[in-house]
Amino acid sequence: MVKVGSSSLTTAIGGIDPERVRALVDRLAAVRLGGREVVLVSSGAIAAGLAPLALKTRPRDLATQQAAASVGQGLLMGHYTTMFADHDLGVGQVLLTVGDVTRRGNYHNAYRTLGRLLELGIVPIVNENDTVATHEIRFGDNDRLAALVAHLVHADALILLSDIDALYTSNPHRPGAQRIDQVRSDDDLAGVDISARGSRIGTGGMITKVEAARIATSAGIPTVLTSADRAAEAMAGDSVGTLFHATGKRRPTRLLWLKHASAARGELILDAGAVRAVTERKASLLPAGVTGINGAFSVGEPVDLVAPDGSVIGRGLVNYDSEELPALLGRNTADLAAERGPGYDRTVVHRDALVLL
């Protein structure tokens, strides 16, 4: 799995740089023709749409971002299609939303599509479906998207390509900044300043790349962070950039998204018994254990689970909306089902859609 950022594909004013795209394609094609399967997560759609729309910088409002993505996505795919064809390779566009990798049915559809493309010898090119995504249901950036898709396709490794050759202890342009060759745990990041923002064309920075590495490595996928011009070496397994070692094992993709990439839409306040049930017995959350709610949310959205002392202990996908839930708080599910119908015997948050924080 390879992810490339906008700044590695575009000119300083935002248009696609064909030479940069061709250099990347040549490297990816060599790996694919060498017998390895490659999935590319490519930023650049919004950036590619800036120049045709006479926009000097990345727009801040969602509607204009979506308009730029609509114009730019076709331009970007046109370049990829033509350049991969020079290597006798076809490409397939895969536009995803959060639901495509977090809802079970959508997840399997995305998995089958990507798997079949690879079987047919096609190079899948993935991007977030910016033209329909809203602020509330976005991955947030393509670094996180790449980490989640890497898990979805059972990738052997994730390679994050940027305009910086590695992770440094601080902004690499500052005196004294030291390159970090390997990260084995969060302890290796103690004292590291990753606050620098990305380019004015892109959305990310080191923060999102480190977060993406955490997502992937926690699911057993080693991750390399390096520059686009070192892509061939990274894919060959050479010692370039920064290697984030795998720290965990595979787990459901929606739980990875919940823990690392979701934004809570509200809060559920739990009593002490519910806290113990959720944290110690790994049980589902029932209406009887909820004492209050904060925020406005709908069925299926992420909510934080909050202990009586105010600490957040977990996050889960809620099975009731915020308007319906208050009347059910503290009630037994059997009593609710008898009073309101069988649909009310469901959990507030099922244990399979819950992560501890």
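**Exercise 1. Find out whether Ala45 is buried or exposed, and place it in its surroundings.**

*Solution.* Start with the accessibility: Ala45 has a relative accessibility of 2%. The cut-off for buried is under 20%, so Ala45 counts as buried. Keep in mind as you work that this is a predicted model.

Next, look at the secondary structure. Ala45 sits in helix α2, which covers residues 45-50.

Now list the neighbours, setting aside those within four places in sequence. Ala45 is in contact with Ala68, Ala69, Gly72, Gln73, Leu76 and Asn127.

Finally, try a distance. Ala45 and Glu128 are 83 residues apart along the chain, yet 9.4 Å separates their C-alpha atoms.

**Exercise 2. Work out which side chain makes a polar contact with the side chain of Asn142, and at what distance.**

*Solution.* First locate the residue: Asn142 belongs to helix α6 (residues 142-152). With 8% relative accessibility, Asn142 counts as buried.

Then collect the residues it touches, not counting those up to four places away in sequence. For Asn142 these are Lys3, Val41, Ser42, Ser43, Asn127 and Glu128.

Last, look for the polar partner. The side chain of Ser43 makes a polar contact with that of Asn142, at 3.0 Å.

**Exercise 3. Decide how many residues of strand β4 are buried, and which strands pair with β4.**

*Solution.* Begin with burial. Strand β4 spans residues 123-128, and six of its six residues are buried, so the strand is largely enclosed by the rest of the structure.

Check each face in turn. On one side are Val123, Ile125 and Asn127, on the other Pro124, Val126 and Glu128, and all of them are buried.

Two of these residues have come up already: Asn127 is in contact with Ala45, and Asn142 touches both Asn127 and Glu128.

Now turn to the pairing. As background, strands of a sheet pair through backbone hydrogen bonds, either parallel or antiparallel. Strand β2 (residues 40-42) pairs with β4 in the parallel sense over two bridges, and Leu40 has Ile125 as its bridge partner in β4. Strand β3 (residues 91-96) also runs parallel to β4, joined to it by six bridges. One position to inspect there is Leu95, whose bridge partner in β4 is Asn127.

**Exercise 4. Repeat the analysis for strand β5: which residues point each way, and which strands pair with β5?**

*Solution.* Burial comes first again. Strand β5 (residues 158-162) is mostly covered, with five of its five residues buried. Leu158, Leu160 and Ser162 point one way, while Ile159 and Leu161 point the other way.

Then find the partners. Strand β1 (residues 2-4) pairs with β5 in the parallel sense over three bridges, with Val2 bridged to Ile159. Strand β9 (residues 223-227) and β5 also pair in the parallel sense, over five bridges. Here Ser162 has Ser227 as its bridge partner in β9.

**Exercise 5. Describe the open sheet that contains β14, and find the helices lying across β14.**

*Solution.* Step one is the strand order. Five strands form the open sheet as β12-β11-β13-β14-β15, and the pairing is mixed. Strands β12 (290-295) and β15 (349-356) stand at the edges with a single partner strand each, so one side of each is left without a neighbour in the sheet. From one strand to the next, the twist averages 30 degrees.

Step two is one pairing in detail. Strand β14 (residues 312-318) runs antiparallel to β15, and four bridges join them. For Gly314, the bridge partner in β15 is Leu356.

Step three is the helices. Helix α9 (residues 253-260) lies across β13 (302-306), β14 and β15, at about 50 degrees to β15. Helix α10 (residues 272-279) lies across β11 (266-270), β13, β14 and β15, at about 105 degrees to β11.

**Exercise 6. Judge how compact the protein chain is for its length.**

*Solution.* Count the elements first: the protein chain has 11 helices and 15 strands. Its radius of gyration is 22 Å, close to the 21 Å that the globule rule gives for 357 residues, so the chain is as compact as a globular protein of that length.

Add the dimensions: the C-alpha trace spans about 65 × 40 × 40 Å along its principal axes.

Then consider burial and contacts. Of the 357 residues, 50% count as buried. Among contacts between residues at least 6 apart in sequence, 70% join residues at least 24 apart.

Conventions. Residues numbered from 1 in each chain as written. Predicted model: local features only at pLDDT ≥ 70, side-chain atom pairs only at ≥ 80, totals over all residues. Heavy atoms only, no water. Pairing = 2+ DSSP bridges. Axes fitted to C-alpha atoms, helices over the stretch in contact; angles between N-to-C directions. Contact = heavy atoms within 4.5 Å. Buried < 20%, exposed > 50% of the residue type's maximum accessible area, 1.4 Å probe, protein only. Rg over C-alpha atoms; globule rule 2.2 N^0.38 Å. Polar contact = N/O pair within 3.5 Å; in protein donor to acceptor, adjacent residues only side chain to side chain.
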